[in-house]
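Dear colleague,

Please find below the structure that I am handing over to you. A short account of what was found in it follows the display.

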Amino acid sequence: MTAAGSGPLPGAGVRLDVSLAVPAVGLWLTVLALLHAAPRTAFLTAAVLGTAAWAGLLLLRHPRWGTVAALCGATLVCAAGGAVAVAGRTAAVAASPMAELAAAQQFTEASVVLALDPRPRENPAVPGRAEFVVTAHTEWVTLPDGTRVRSRVPVVLLVHGEQWRHLVPSQPVRVAGTAVPAGTRLDAALLLVRGPPRHVGPPSAAHAWADRVRGGLRRACAVLPQPERGLLPALVVGDTSLLDAETAEIFRATGMTHLLTVSGANLAVMTGAVLAVTRWLRLPVWASALTGAATIAGFVLLARPEPSVLRAAFMGAVALVSLVVGRPRIGVAALAAAVIGLLLFHPALAASFGFALSVLATGGIMVLAPPWRDAWARRVPAWLAEPVAVTLAAQVACAPLLVVLSAEVSWVSVPTNVAAGPFVPVATVGGFVVAALGLVAPPAAQVAVWVPGVAVAWIHRIAEWGARVPHGAVPWRSDVVGALLLAVLLAALLVLRGWARRVVAAGIAASAVAALALACLAPSWPPPRWAVVACDVGQGDALVLAVDRGEAVVVDTGPRPGAVDRCLDRLRVRRVALLVLTHHDLDHAGGTSGVLRGRTVAEAVVPPGFDAPDAAAALERAGARLRTVHAGEELAVGRWRLSVLWPPADFAGGDANEGSVVVLAHRSAAPPAEGGLSVLLTGDIEESAQRALLTHPGIRGVDVLKTPHHGAGTQEAVFLEATRPRVTLTSVGAGNPYGHPAADTWAQLTALTSASYRTDQHGDVAVVPTGDGPVVYWRGPDVR
């Protein structure tokens, strides 16, 4: 990771110009505080801050307070400018006809122009959720009386259909749907669009060119195997359309996600290569600057104006200006100028995690990396000291914010990023060469793509290695308290000197070693002799039946690979004797690649009509046998006998929920003192399937009932009563938008047995069979 446009890292003796840093921070905090405020409040704030700045000018003449007054005045002026920017944007949005339509939740027709590529929405297979999110601005809207009114305000579209996937920025589209409030004052509305895009116009010439380049790169990458085929476009231009969920999760787990979201590193590599060529050609400075500016403009078009790209482009532009005027070295002042300029132009960036991470990483590299590099270069080779210093500086600067997003502190991210560092420029520069060849000579591009393809393959291999390291991340509070605690610890290590720093470092090291030893030698989870665990995977199902040491049966995989992978890691499962995917909805099959991460899967069973291409492809790549099952089949795995109760062989229903595989699992009592166990696993079946199963004697009186369909209100009360469970397990996500579990269903479950548990409140839940019946333990939800 490098700071775009900053050139080589400055030496430790170079003075860092931080005169603009304080005004930038003041502006950022002001904008962030006003994003949800009314326009009148923002205007009033701007007036107060402006008045205070004017009053501060009087202190400039005072010899003692002149410097402080200048800094405070600059901060107040920037903050007032931010307040004006927010006030102007929110006032324009509030006065627009689209905002009025949203407040009344009116149906409308509008012409919009796309600002970014449509991006897939999480959990698109869950009924009622849009598949894509589209950022756009309106050109005109239709009022309830049929009148068309010109209006240019930002909106967010929630859309369905593959026709939306291939649209590009600047394309005009006509849409119809219901406008609802957006939840932010900078967007006029959320538009719930019905149907495919209509009257789609052509994009601008610049965006059409960028789309041809991106398309040429994808076509050239088609000759590569997966995951390299999806990784190279993601790493070069941020095109993740071919990237599979398993690879994305591997990069997230190792702190390498920044490679998949184009940032300053990519732009720094490209502008550095272009400027090196101009120097080799001995072009004048102005020609080099123009070439660099064209490179930056083309890069923004190709990679899209994402927050990190905008930050890098602005700093790159400042660097080019500095080059022309004869001051090629820039630093913190340029970063602060980028923050000020971008927030005044685009206030919404104040709340962007991507923008904040980009700024923090760049600042950390500029401030922390040079002295670390120079100090370490006395003990290790310079070629190693610099990449380690850069990577560690970025990680330290971003850690308090990253912990809010991931609820963990990764220690493998530094070595994996350092190891991948040499391959990134090869992949980046090579990828752009391939993209250029794709425009003029596609066959040559398909040959040349193997050079960056090999580099990307090594990057992926490094990420895989990092993801397989046991305890590669330390769990951490992901709230404000956790972020502040981590920030204080890091600040203490950075600021303290001598014995004080050694004491703090020793305390942290001792705590880490003790926690690791406790986790490895005396783990509190899972409990001894566990038989069943309901994994906390959010709004989805994932249950594990213990077979032998390190071996289990897994029933469903939840919506995301990472969650089920972490649950299986906690249970020390390395071999999956049988994987049961009850149906193809994403909240039951979306995490399949996480089960396969570092584990073998002998066989997978699915219901008739199973339609989850990503899960099926992942199982095929892993060499797992995939077969369809129906009622009446018996499966034996270790001490477990699994009887398939549903669906029948002639089931013809089109509803995936009602076609869920229902399994009655019996575990033999060996030794007898441990006790047997019966578990009814019901997928997402609803009333009709539950009524049909009432005639099956196996459902009557079970030890454990996995609540159907996350405890939704679509339950047959007689079915739940017939099961007479000792324990109920409800897999449900905290704060889910579906109201699961329904109040009536939960009341019935708790009336059936006081041993009713739900993953949103109890986290992972384990059932241990004993001679006196099942005993339940729970891990507790992760603090988020």
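**A sheet, its helix and some backbone details**

Leucine 642 stands opposite alanine 665, a residue of β19. The model is a predicted one, and this pair of residues serves here as the way into its sheet.

The two strands concerned are β18, residues 640–646, and β19, residues 662–667, which pair in the antiparallel sense over six bridges. They belong to an open sheet of seven strands, ordered β17-β18-β19-β20-β21-β22-β23, in which the pairing is mixed. At the edges are β17 (634–637) and β23 (756–758), each of which pairs on one side only. On average, neighbouring strands of this sheet are turned by 20° against each other, with direction ignored.

Which helix lies across β22 and β23? It is α27, residues 743–752, and it runs at about 140° to β23. The loop between β22 and α27 holds proline 741. This proline is joined to histidine 740 by a cis peptide bond, with omega about -5°.

A second cis peptide bond deserves your attention, since most peptide bonds are trans. The bond in question runs from glutamine 226 to proline 227, and its omega is near 10°. Proline 227 is placed in the loop between α5 (205–221) and α6 (228–237).

Two arginines should also be noted for their phi values. Most residues other than glycine have a negative phi. Arginine 724, however, has a positive phi, near 40°; this residue lies in the loop between α26 (717–723) and β22. For arginine 529, phi is likewise positive, near 60°. Arginine 529 is found in the loop between α20 (498–521) and β10 (532–534).

Is arginine 529 buried or exposed? Its relative accessibility is 57%, and residues over 50% count as exposed, so arginine 529 is exposed.

Finally, I would draw your attention to helix α11, which comprises the 14 residues 332–345. From its first C-alpha to its last it reaches 20 Å, close to the 20 Å expected at 1.5 Å a residue. The buried residues of α11 are Val332, Ala334, Leu335, Ala336, Ala338, Val339, Ile340, Leu342 and Leu343. When reading that list, please bear in mind that an α-helix has 3.6 residues a turn, so residues three or four places apart point the same way.

With kind regards

Conventions:
Residues numbered from 1 in each chain as written. Predicted model: local features only at pLDDT ≥ 70, side-chain atom pairs only at ≥ 80, totals over all residues. Heavy atoms only, no water. Pairing = 2+ DSSP bridges. Helix = DSSP H or I, 4+ residues; strand = E, 2+ residues; numbered from the N terminus. Axes fitted to C-alpha atoms, helices over the stretch in contact; angles between N-to-C directions. Contact = heavy atoms within 4.5 Å. Buried < 20%, exposed > 50% of the residue type's maximum accessible area, 1.4 Å probe, protein only. Expected span 1.5 Å × (residues − 1).
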